[in-house]
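Colleague: I am still learning to read structures, and I would like you to take one part and look at it closely. Could you begin with a single loop and then follow the chain outward to whatever is connected with it, explaining each step as you go?

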Amino acid sequence: MAVMDLATLNSSLDQFLIPNPAYPSNIWDYFNNLSNLGCRPTELHRIELWSVGPASQFILQPTKNNYNRYFYDYELSPTLRDAIINGVNPYYGILYGKSLYYFNKWYLYQPCKIGTKNIDTYLFRHRYIKNLAHNGFTVPEITAKLGWVNPDMALNYINSVIEYTP
């Protein structure tokens, strides 16, 4: 196993996000939203967790009893924005298991682990948080942005050591 640095994590996920026209466009939309929002993979499937907020904002009520997260409309794909406004699932037919299937099929660096735990589509979340820290966000700012109650969560992601088989 090798340790994945931030540059490798970014380039490998950027390469992964290049759409293959032979597959449904909504799977690429799903993965791009994971990358751009840093939410948990299942939170994109649960449209009831999302609502329209004030001033062109959208609100996500995270699944693990954290504070709400707020996004500006330009952060979400048009597909996700429309789905939230209309209260429909934007990823019909692509449940979490199917997204894992596609991820495992296309992602080059398999398996990825933190300790003994596979992290598959959670790599997008790790990347999102690691990039916030890399771009100068403080632990309290990251904690607030992700809606976490405990700042140790930010540190866990920032300091996570991702291992992969080259």
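Modeller: Let us begin with P111, which is found in the loop between helix 4 and strand 5, the strand that covers residues 112-114. Please keep in mind that this is a predicted model, and that what follows describes the model as computed. The peptide bond that leads from Q110 into P111 is cis, with an omega angle near -10°.

Directly after this proline comes C112, with which strand 5 (112-114) begins. It is natural to ask whether a cysteine has a bonded partner, and here a search of the whole structure finds 0 disulfides. C112 is in no disulfide, since the nearest cysteine sulfur, that of C39, is 19 Å away. A disulfide would need the two sulfur atoms within 2.5 Å, so the 19 Å between the sulfur of C39 and that of C112, its closest cysteine sulfur, is too far for a bond. Both cysteines are nevertheless shielded: C112 counts as buried because its relative accessibility is 3%, and C39 is buried too, with a relative accessible area of 1%.

Helix 4 (96-106), on the other side of the proline's loop, brings us to another part of the chain, as it is one of the elements against which the buried residues of helix 1 pack. These buried residues of helix 1, which runs over residues 6-16, are T8, L9, N10, S12, L13 and F16. Some of their spacing can be read with a simple rule: an α-helix has 3.6 residues a turn, so residues three or four places apart point the same way. Besides helix 4, the buried residues of helix 1 pack against helix 2 (25-37), helix 5 (123-134) and strand 7 (163-164).

If we instead follow the chain past strand 5, we come to strand 6 (117-118), which together with helix 5 and helix 7 (152-158) is among the elements that each supply at least two residues to the lining of the largest pocket. About 370 Å³ of space lies in this pocket, and of the 17 residues that line the pocket, K117, I119, Y122, H126 and Y157 lie nearest its centre. Helix 7 gives the largest share of the lining, namely 3 residues. Sorted by class, the lining holds 7 nonpolar, 5 polar and 5 charged residues, which gives you a mixed list to look for on the screen.

One of the residues nearest the pocket centre, Y157, also deserves a look for its ring. The model has 22 aromatic pairs in total. Among them, W148 and Y157 form a stacked pair, with 5.5 Å from centre to centre and 15° between the planes. This pair counts as stacked because its planes are under 30 degrees apart. W148 and Y157 are both buried.

To finish, we can set the starting loop beside two others, where the backbone is also worth a careful look. In the loop between strand 2 and strand 3 (57-60) lies S56, which has a positive phi of about 60° although it is not a glycine. N65, found in the loop between strand 3 and strand 4 (69-72), likewise has a positive phi, near 55°, without being a glycine. S56 is partly exposed, with a relative accessible area of 45%, whereas N65 is exposed at 74%.

Definitions and conventions:
Residues are numbered from 1 along each chain as its sequence is written. This is a predicted model: local features need pLDDT of at least 70, side-chain atom pairs count only at pLDDT 80 or more; totals for chains, interfaces and linings use all residues. Side-chain values use heavy atoms; hydrogens and water are left out. Rings of Phe, Tyr and Trp (its six-membered ring) pair if their centres lie within 6.5 Å; planes under 30 degrees apart count as stacked, over 60 as edge-to-face and the rest as tilted. Buried means under 20% relative accessible area, exposed over 50%, partly exposed in between (1.4 Å probe, protein chains only). Helices (H or I, at least four residues) and strands (E, at least two) are DSSP runs, numbered from the N terminus. Contact means heavy atoms within 4.5 Å. On a 1 Å grid over the protein atoms alone, a cavity is a set of points where a 1.4 Å probe fits but cannot get out, and a pocket is an open set with protein on both sides within 12 Å along at least five of seven lines; lining residues have an atom within 4 Å of a point. Grid points are joined across faces, edges and corners, and a volume is the space filled by probe spheres set on the points. Ala, Val, Leu, Ile, Met, Phe, Trp, Tyr, Cys and Pro count as nonpolar, Asp, Glu, Lys and Arg as charged, and the others, Gly among them, as polar.
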